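The following exercises concern the packing of helices and strands in one chain. Please work through each task with the coordinates at hand before reading the solution.

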Amino acid sequence: MVTKKEKIYEGELVLENIPASKRQDVLNLIKNLDHEAQRRDFMDRILWREEKDDDTHFYISENQLTVFMGEKIGEAFKNQGKLTIAYNPEGPVRVKWEFY
């Protein structure tokens with residue numbers, strides 16, 4: 001677990017170069033996945049979101065949920081980007097979806 005500004009998270013989901021035409025669809029998918037995760041376990045959730053330049057960063061309470069969300073984005077936007085998952089035994093998992 002990593003502490004950032006006194007906030008604790010286990011996963012970071014980074015979305016890079018989201019096309020304006022797909023932005024709302026991507027954000028709706030993430031929101032729906034977040035609600036479903038909270039329904040199953042109230043501790044599983046997106047903790048906060050940050051916009052950095054053209055990237056959107058989501059900080060998530062569980063590393064497995066972070067990977068799951070990245071994989072679901074990959075399924076929904078197949079052949080439109082690249083998924084990278086970086087596991088860190090000492091810290092949070094980092095999942096990046098980069099649109100082409």
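**Exercise 1. The contact of two helices**

Which residues in H1 meet which residues in H2? Describe the geometry of the crossing as well.

*Solution.* The model is a predicted one.

Step 1. On the H1 side, the residues in contact are Leu29, Ile30, Leu33, Asp34 and Ala37. On the H2 side, their partners are Leu65, Phe68, Met69, Lys72, Ile73 and Ala76.

Step 2. Sorted by character, the residues of this contact comprise nine nonpolar, no polar and two charged.

Step 3. Helix H1 spans residues 20-40 and helix H2 residues 63-76; their axes come within 11 Å and cross at roughly 140°. H1 is therefore oblique to H2, since only angles over 145 degrees count as roughly antiparallel.

Step 4. The handedness of the crossing of H1 and H2 is right-handed.

**Exercise 2. The order of the sheet**

Determine the strand order of the open sheet and identify its edge strands.

*Solution.* Step 1. Five strands form the open sheet in the order S4-S5-S3-S7-S6, and the pairing is mixed.

Step 2. S4 (46-52) and S6 are the edge strands, as each of them pairs on one side only.

Step 3. Ignoring direction, neighbouring strands of the sheet are turned by 15° against each other on average.

**Exercise 3. Antiparallel pairs**

For the pairs S4 with S5, S3 with S5, and S6 with S7, state how many bridges join the strands.

*Solution.* Step 1. S4 and S5 run antiparallel and are joined by six bridges. Within this pair, Lys52 stands opposite Asp55 in S5. Their hairpin has two residues between the strands, and Asp53 takes a positive phi near 55° there.

Step 2. S5 (residues 55-60) also runs antiparallel to S3, with five bridges between them. Here Gly11 faces Ile60 in S5.

Step 3. S6 (residues 81-86) pairs with S7 (residues 93-99) in the antiparallel sense over six bridges. Lys82 stands opposite Glu98 in S7. The hairpin from S6 to S7 passes through six residues.

**Exercise 4. Helices against strands**

Across which strands do H1 and H2 lie?

*Solution.* Step 1. H1 lies across S3, S4, S5 and S7, and runs at about 160° to S4. With the limit for roughly antiparallel set at over 145 degrees, H1 is roughly antiparallel to S4.

Step 2. H2 lies across S3, S4, S5, S6 and S7, with an angle of about 15° to S7. As angles under 35 degrees count as roughly parallel, H2 is roughly parallel to S7.

**Exercise 5. A salt bridge between strands**

What sequence separation does the salt bridge of Glu12 with Arg94 span?

*Solution.* Step 1. The model holds eight salt bridges. In one of them, Glu12 pairs with Arg94, and the closest N and O atoms are 3.3 Å apart.

Step 2. Glu12 belongs to strand S3 (residues 11-16) and Arg94 to strand S7, so the pair ties together parts that are 82 residues apart in sequence.

Note on methods: Residues numbered from 1 in each chain as written. Predicted model: local features only at pLDDT ≥ 70, side-chain atom pairs only at ≥ 80, totals over all residues. Heavy atoms only, no water. Axes fitted to C-alpha atoms, helices over the stretch in contact; angles between N-to-C directions. Helix = DSSP H or I, 4+ residues; strand = E, 2+ residues; numbered from the N terminus. Parallel < 35°, antiparallel > 145°, perpendicular 65-115°, else oblique. Left-handed = near helix turned anticlockwise from the far one by under 90°. Contact = heavy atoms within 4.5 Å. Nonpolar A, V, L, I, M, F, W, Y, C, P; charged D, E, K, R; others polar. Pairing = 2+ DSSP bridges. Salt bridge = Lys/Arg side-chain N within 4 Å of Asp/Glu carboxyl O.
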